[in-house]
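Visitor: Got a minute to walk me through this one? I'd like to start with the inside and work outwards.

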Amino acid sequence: NTGAAVIICPGGGYGILASSHEGEDVALALNKAGIAAFVLKYRLPNDKIMVDKKIGPLQDVQQAFKLVRSRAREWNLDVNKIGVMGFSAGGHLAASAAAHYNQAVIDNPESTNIRPDFQILLYPVISFTDSLTHLGSRTNLIGNAPAPEQIKFYSNELQVTKQSPPAFIVHAQDDRTVKAENSIQFYLALMKNAVPGQLIIYPKGGHGFGMNNPTTTDRWMEQCLNWMRSNTWIN
């Protein structure tokens with residue numbers, strides 16, 4: 001047990017949850033490295049069950065951080081080594097958690113820290129701008145005709161500050177579902193704000209490859225663990 005923990009947000013375009021190859025499989029790999037893993041089965045945006053579907057998933061990831069930190073002692077976790085990981089639309093949710101930790105959309109009377117200590121983003125939907133977004137994810141979360149302020153709020157490359165958590169980002173250049181420019185623009189925003197980041201762009205791999213990009217012998221998980229070691233989140 002390293003004391004580190006990761007809250008995992010599976011992808012699925014805010015329409016489904018790919019909770020096996022972008023959830024449980026990843027959790028088991030993290031466990032082998034001594035990292036506690038929590039697969040977040042966040043609610044999918046739906047006006048029928050939510051007062052405001054635009055914040056439903058964000059509420060759930062913030063609640064997850066509140067829960068994990070409040071029980072850190074019980075679970076032998078270090079409250080300063082709790083990060084978030086997300087794939088595709090789950091990457092958007094993870095990046096949103098890292099962007100909006102100062103804007104709680106949950107009840108938090110204890111003022112529990114809901115800021116991720118680090119973020120790990122796999123082929124993430126980062127931007128909701130017309131030129132970069134994955135339209136299905138944007139429509140499912142904020143509707144067909146979103147207000148400009150909602151597009152800006154959920155365009156995470158526009159929300160990076162000097163206080164943003166460090167990031168490890170992986171994408172494939174030939175991703176036709178979520179443009180690799182999402183990750184590139186996010187990385188550039190990190191650089192502009194002097195936030196540590198590592199970006200891996202594979203030439204091929206497409207979208208949704210989970211832990212194993214079949215076009216390369218490289219394993220991003222190994223690089224991710226090395227990145228975590230270099231930042232002393234794990235030994």
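Guide: Sure. Keep in mind that the model is predicted. A good place to begin is helix 3, residues 89–99, which is mostly covered, with 10 of its 11 residues buried.

Visitor: Which residues in helix 3 are buried?

Guide: The buried ones are A89, G90, G91, H92, L93, A94, A95, S96, A97 and A98.

Visitor: And what covers the buried residues of helix 3?

Guide: The cover includes three strands and two helices by name: strand 1 (5–9), strand 3 (82–87) and strand 4 (119–122), along with helix 2 (56–70) and helix 4 (135–142).

Visitor: OK, on to the largest nonpolar core. Which residues touch the most other members?

Guide: That would be V61, F128 and F186, in a core of 38 residues. Two or more residues each come from strand 1, helix 2, strand 3, helix 3, helix 4, strand 5 (167–172) and helix 6 (181–192).

Visitor: What is V61 in contact with, leaving aside its neighbours within four places in sequence?

Guide: C9, L40, V84, L93 and A97. Two of those names came up a moment ago: L93 and A97 are among the buried residues of helix 3.

Visitor: How many residues are in the second, separate core?

Guide: That core has 29 residues, and V26, M221, W233 and I234 are among them.

Visitor: Let's talk rings. How many aromatic pairs does a search of the whole structure find?

Guide: The search turns up 12. One of them is F118 with W233, a tilted pair at 4.6 Å centre to centre and 35° between the planes. This pair links distant parts of the chain, 115 residues apart: F118 is in the loop between helix 3 and strand 4, and W233 is in the segment after helix 7 (220–230).

Visitor: Are F118 and W233 buried or exposed?

Guide: F118 is buried, because its relative accessible area is 0%. W233 is at 8%, so W233 is buried too.

Visitor: Which other ring does W233 pair with?

Guide: W227, in another tilted pair, this one at 5.0 Å centre to centre with 55° between the planes. W227 has 6% relative accessibility, so it counts as buried.

Visitor: Which residues do ring pairs link into a cluster?

Guide: F87, Y123, Y202, F209 and W220. There's also a charge over a ring elsewhere: R115 lies over the face of Y101, at 5.6 Å from the ring centre.

Visitor: Change of topic: empty space. How many cavities of 30 Å³ or more are there?

Guide: The count comes to 1. About 30 Å³ of space lies in the largest cavity.

Visitor: Which residues line the largest cavity?

Guide: A95, A98, A99, Q119, N156, Q159, V160, S164 and F186. Helix 3 gives the largest share of that lining, 3 residues. F186 also showed up earlier, as one of the core residues that touch the most other members.

Visitor: Now some single residues. Where does G23 lie?

Guide: In helix 1, residues 20–32. G23 is buried, because its relative accessible area is 0%. Beyond its neighbours within four places in sequence, G23 is in contact with I8, P10, A18 and V39.

Visitor: How far apart are G23 and M211?

Guide: They're 188 residues apart in sequence, but 9.9 Å apart in space, C-alpha to C-alpha.

Visitor: And N46, where is that found?

Guide: N46 is in the loop between strand 2 (36–39) and helix 2. It has 30% relative accessibility, so it counts as partly exposed. N46 and I7 are 39 residues apart in sequence and 22 Å apart in space, C-alpha to C-alpha.

Visitor: Last topic, backbone angles. What is phi of S88?

Guide: Near 55°, a positive value in a residue other than glycine. As background, most residues other than glycine have a negative phi. S111 has a positive value as well, also near 55°.

Visitor: Where are S88 and S111 found, and is each buried or exposed?

Guide: S88 is in the loop between strand 3 and helix 3. At 7% relative accessibility, S88 counts as buried. S111 is in the loop between helix 3 and strand 4, and at 62% relative accessibility S111 counts as exposed.

Note on methods
Residues numbered from 1 in each chain as written. Predicted model: local features only at pLDDT ≥ 70, side-chain atom pairs only at ≥ 80, totals over all residues. Heavy atoms only, no water. Buried < 20%, exposed > 50% of the residue type's maximum accessible area, 1.4 Å probe, protein only. Helix = DSSP H or I, 4+ residues; strand = E, 2+ residues; numbered from the N terminus. Contact = heavy atoms within 4.5 Å. Core = buried A, V, L, I, M, F, W, Y, C linked by side-chain atoms within 4.5 Å. Phe/Tyr/Trp six-rings, centres within 6.5 Å; stacked < 30°, edge-to-face > 60°. Lys NZ or Arg CZ within 6 Å of the ring centre and 35° of its normal. 1 Å grid on protein atoms, 1.4 Å probe; cavity = no way out; pocket = protein on both sides within 12 Å on 5 of 7 lines; lining within 4 Å. Points joined across faces, edges and corners; volume = space filled by probe spheres on them.
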